[in-house]
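Subject: Structure for you to look at

Hello,

Here is the structure I promised to pass on. Have a look at it first, and then read on for what turned up.

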Amino acid sequence: MEIRFMVFVLTAALMLSVELAAGGTFSSRLIHGYSDEAMSFWASKGKSVTCPKRESVEHMRLLLSNDLKRQRLKLGLQKQLLFPSEGSKTHFYGNDLSWLHYAWIDIGTPNASFLVALDAGSDLLWVPCDCVQCAPLSSSYYSMLDKDLNEYSPTRSSTSKHLSCSNRLCELGPNCQSPKERCPYTVNYYSENTSSSGFLFEDQLHMTSVGGHEHQGSVLAPIIIGCGSKQSGSYLNGAAPDGVMGLGPGEISVPSLLAKSGFVPHSFSLCFDKSNSGTIFFGDQGPENQRLSSFVSLDGNYNTYIVEVQRYCLGGTCLKQNGFQALVDSGSSFTYLPSEIFTKVVTEFEEQINATRLATEDFPYCYKASSQGLPNIPSMKLVLAANQSFVIQNPVFTISSGQGDNFYCVGILPIEGMIGIIGQNLMQGYRMVFDWENMKLGWSYSKCQDIGGSAKVPPTPPPSGLASNPLPTNEQQRNPGGHAVAPAIAGKATLKPSAASLHAVSCRHCAMSYLLLSLVLWLPYLI
């Protein structure tokens with residue numbers, strides 16, 4: 001049983017043990033989280049709690065882990081930022097790698113490098129592994145790369161261990177013949193016949209920290225990895241040949257695990273500048289002057305980055321009756337609108353652009369550049385909840401024909417259903433903050449320069465990293481399977497926010513009320 005759960009037991013036990021003594025004074029009895037009395041309390045509630053034997057190695061390791069987390073909290077490291085040890089820069093290769101943005105990451109011991117697609121629409125981090133059916137990994141297949149892509153092998157990493165079928169994060173556990181077997185996974189994506197499958201493993205992600213009260217240093221973060229032995233569909237045809245980093249809010253995702261381990265808040269930022277390069281930072285909650293809009297539920301569940309779009313405006317015209325919900329998804333190259341709203345938008349666009357349309361096979365609204373240059377493109381913006389304007393800085397993109405002609409196409413397409421997608425093409429020029437801790441989407445104009453002071457990787461990593469906490473898997477539950485929206489959005493688990501309630505007490509008990517309130521308020525930082 002992990003130490004953060006024991007902190008909760010201790011807090012609950014303390015609250016239960018408060019007694020009103022004679023004369024209106026309070027007395028309290030502290031109960032250790034590993035005590036027989038604490039175990040009896042949970043047993044009376046029907047909870048089966050297993051604790052390490054007192055003074056055992058496991059017992060001391062948990063105590064040490066909690067001390068390290070508390071030290072980071074006292075030193076203000078909860079305000080630090082993390083980025084991959086290979087650097088905070090993201091990479092864009094256009095059509096060569098399916099219009100997605102990528103980052104180099106290092107996994108395992110010794111570390112191996114992977115070029116993973118960044119996908120806020122799914123949760124699981126998977127990489128090609130013990131391949132049965134994977135995309136080519138040789139650089140000869142990818143003209144923009146100067147080195148081969150890697151294949152992960154759990155047997156080659158001394159810090160790798162399999163996730164068992166008995167783990168609560170193992171969605172397919174009930175199908176296993178034995179709870180000790182390796183946990184299988186399958187993620188089916190919305191793109192036609194696109195999937196990844198294999199087994200789940202625990203290993204370390206190499207990160208670099210900046211900010212807080214620490215100088216730049218290395219961090220070894222425990223994560224869960226999909227050992228993707230079999231891919232299909234788009235993942236065999238140029239999209240994410242070296243894996244996908246799911247950045248969704250599910251508890252199996254990298255942002256969630258970094259937050260659970262106490263390294264950073266449950267938040268991250270992506271920034272894509274107009275030249276298509278950018279940055280990624282974990283723990284970033286954005287500048288004070290950013291615009292904000294709350295995440296909303298999808299079918300009653302808070303399990304992905306959904307915002308409320310109230311109006312779609314072109315030029316000086318805001319269309320009527322065009323509100324919808326939209327997934328904010330960096331893993332989607334383009335933006336998708338519900339079909340009815342898409343029709344209204346492109347009809348108004350056609351009226352305002354005053355240019356001849358030339359439809360291509362995949363994009364129905366393209367325009368050829370004239371001798372005078374690009375047609376006058378009407379301005380566009382989304383108005384999100386609380387009247388927050390999201391100005392679309394570049395609604396078109398350029399493609400070239402085989403004859404050398406350039407076409408300017410609207411990067412917006414229709415989609416079935418009533419859930420749209422704000423893709424990465426609309427995020428250009430913005431620092432996009434996915435702050436799950438505060439349930440807010442933030443955005444601000446940015447040139448996508450490093451925000452962590454000096455977020456540059458030294459020629460060689462520091463000799464030793466910050467000690468990492470054990471992977472917090474036993475307190476989580478995550479569905480790594482399900483369906484996804486183009487090009488990658490996995491199914492989501494129901495968010496189960498914790499809630500604390502205090503019993504009403506009279507004014508003469510204010511001191512104890514303050515103590516209890518402090519415990520409750522600090523609990524999220526200790527868990």
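To start with a question: are Cys366 and Cys409 buried or exposed? Both of these cysteines are buried. Please keep in mind throughout that this is a predicted model.

**Disulfides**

Cys366 and Cys409 are bonded to each other through their sulfur atoms, with an S to S distance of 1.9 Å. The torsion about that S-S bond is about 105°, so the disulfide is right-handed. This pair ties together distant parts of the chain, with Cys366 in strand β20 (residues 366-368) and Cys409 in strand β24 (residues 406-410), 43 residues apart.

In total, the count for the structure comes to seven disulfides. Another one of them is the bond between Cys313 and Cys318, where the S to S distance is 1.9 Å. The link of Cys313 and Cys318 is right-handed, with 95° about the S-S bond. Its two ends differ in exposure: Cys313 has 2% relative accessibility and counts as buried, while Cys318 has 36% and counts as partly exposed. The cut-off behind this is 20%, because buried means under 20% relative accessible area.

You may also want to look at Cys131 and Cys134, which are joined by a disulfide with an S to S distance of 2.2 Å. Here the torsion about the S-S bond is about -95°, so this disulfide is left-handed. Cys131 is partly exposed, with a relative accessible area of 28%.

**Around Ser232**

Next comes a serine in strand β11 (residues 217-232), namely Ser232. Its relative accessibility is 16%, so Ser232 counts as buried. What does the side chain of Ser232 make a polar contact with? The partner is the side chain of Ser195, at 2.6 Å. If neighbours within four places in sequence are left aside, Ser232 is in contact with Gln133, Asn193, Thr194 and Ser195.

**Aromatic rings**

How many aromatic pairs does the structure hold? There are 24. Among them is the pair of Tyr93 and Tyr102, which is tilted, with 6.1 Å centre to centre and 55° between the planes. Tyr93 and Tyr102 are both buried.

Phe268 and Phe434 also form an aromatic pair, and this one is stacked: the rings are 4.8 Å apart centre to centre, with 5° between the planes. Distant parts of the chain meet in this pair, since Phe268 lies in strand β13 (residues 267-272) and Phe434 in strand β27 (residues 430-435), 166 residues apart. Phe268 and Phe434 are both buried. They also belong to a cluster linked by ring pairs, made up of Phe268, Phe282, Phe295, Tyr305, Phe434 and Trp436.

**Charges over rings**

Finally, two arginines for your list. The charged end of Arg182 sits over the ring of Phe199, at 3.8 Å from the ring centre. Arg357 has its charged end over the ring of Tyr365, 4.3 Å from the centre of that ring.

Happy browsing, and best wishes

Technical notes:
Residues numbered from 1 in each chain as written. Predicted model: local features only at pLDDT ≥ 70, side-chain atom pairs only at ≥ 80, totals over all residues. Heavy atoms only, no water. Disulfide = S-S within 2.5 Å. Buried < 20%, exposed > 50% of the residue type's maximum accessible area, 1.4 Å probe, protein only. Helix = DSSP H or I, 4+ residues; strand = E, 2+ residues; numbered from the N terminus. Polar contact = N/O pair within 3.5 Å; in protein donor to acceptor, adjacent residues only side chain to side chain. Contact = heavy atoms within 4.5 Å. Phe/Tyr/Trp six-rings, centres within 6.5 Å; stacked < 30°, edge-to-face > 60°. Lys NZ or Arg CZ within 6 Å of the ring centre and 35° of its normal.
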